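Hello,

As promised, here is the structure we talked about handing over. Please open it alongside this message, and the notes below should help you find your way around.

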Amino acid sequence: MRPPLVSLDMQVFTCIKLRHQLAAFLPARQDGTVREIDKVFKALADPSRRQLLDRLHAKSGQTLNELCKGLDMTRQAVTQHLGLLEEANLIAVQWQGREKLHYFNPVPIHEIYERWIRKFERERLTALHNLKTKLEGKQP
């Protein structure tokens, strides 16, 4: 029995997307064009989009109707947020018949971690966090 072609298509799609993502971490362009990393930061800046990402992380492959359930947003607002998340490559979509399924893509977040967070030592960050918590009078 032959393996399904969907997996091969998704592998090719992923390779193409990864190539574009790697270009996002090069030095800024002189012509002022928006880098992919800027799209990721913009997408993550909105709490509604982060909520959608959390929901997709908990259960990937949801339709628009499933994502709209329990949210205090209109269907149109959810659609616009999903469009920005897709443009930032934080979600991938796949059509199954007439349904559009949304999948969480953690690669851009991992790239942010590798570029901006990993270079700091874990012990130093933990010590700073504990100090901040103590100074603010909160329990760790």
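Strands E1 and E2 form a hairpin with 2 residues between them. In that turn sits Gly 97, which has a positive phi of about 65°. Please keep in mind that this is a predicted model. E1 covers residues 91-96 and E2 covers residues 99-104, and the two pair in the antiparallel sense over 6 bridges. If you would like a spot to check by eye, look for Ala 92, which stands opposite Tyr 103 in E2.

Now for the rest of the chain. There are 7 helices and 2 strands. Starting at the N terminus, the order of elements is α-α-α-α-α-β-β-α-α, so you will find the strands after five helices and ahead of two more. The chain has 140 residues, of which 25% count as buried. It exposes about 10,500 Å², with carbon and sulfur atoms supplying 58% of that area. Among the contacts with a separation of 6 or more, 50% are between residues 24 or more positions apart.

Next, the charged side chains. How many salt bridges does the structure hold? There are 5. As general background, side chains of opposite charge can pair when their charged atoms come close.

One of the salt bridges joins Lys 39 to Glu 36, with their closest N and O atoms 3.4 Å apart. Both belong to helix H2 (residues 36-44), and because they are 3 residues apart there, about one helical turn separates them. Lys 39 counts as partly exposed at 23% relative accessibility, and Glu 36 is also partly exposed, at 27%. This pair is part of something wider: Glu 36, Lys 39 and Glu 87 are linked in a network of salt bridges.

Two further salt bridges are worth a look:

- Glu 66 and Lys 59 meet through their side chains at 3.3 Å, N to O. Glu 66 is partly exposed, with a relative accessibility of 27%, and Lys 59 is partly exposed at 43%.
- Lys 132 pairs with Glu 136, and their closest N and O atoms are 3.1 Å apart. Lys 132 has a relative accessibility of 46%, so it counts as partly exposed; Glu 136, at 41%, is partly exposed too.

I hope this gives you a comfortable start. Do write back if anything is unclear.

Best wishes

Technical notes: Residues are numbered from 1 along each chain as its sequence is written. This is a predicted model: local features need pLDDT of at least 70, side-chain atom pairs count only at pLDDT 80 or more; totals for chains, interfaces and linings use all residues. Side-chain values use heavy atoms; hydrogens and water are left out. Two strands pair if DSSP finds at least two bridges between them. Helices (H or I, at least four residues) and strands (E, at least two) are DSSP runs, numbered from the N terminus. Buried means under 20% relative accessible area, exposed over 50%, partly exposed in between (1.4 Å probe, protein chains only). Contact means heavy atoms within 4.5 Å. Accessible areas come from the Shrake-Rupley method with a 1.4 Å probe; for residues, only the protein chains shown count as cover. A salt bridge is a side-chain nitrogen of Lys or Arg within 4 Å of a carboxyl oxygen of Asp or Glu.
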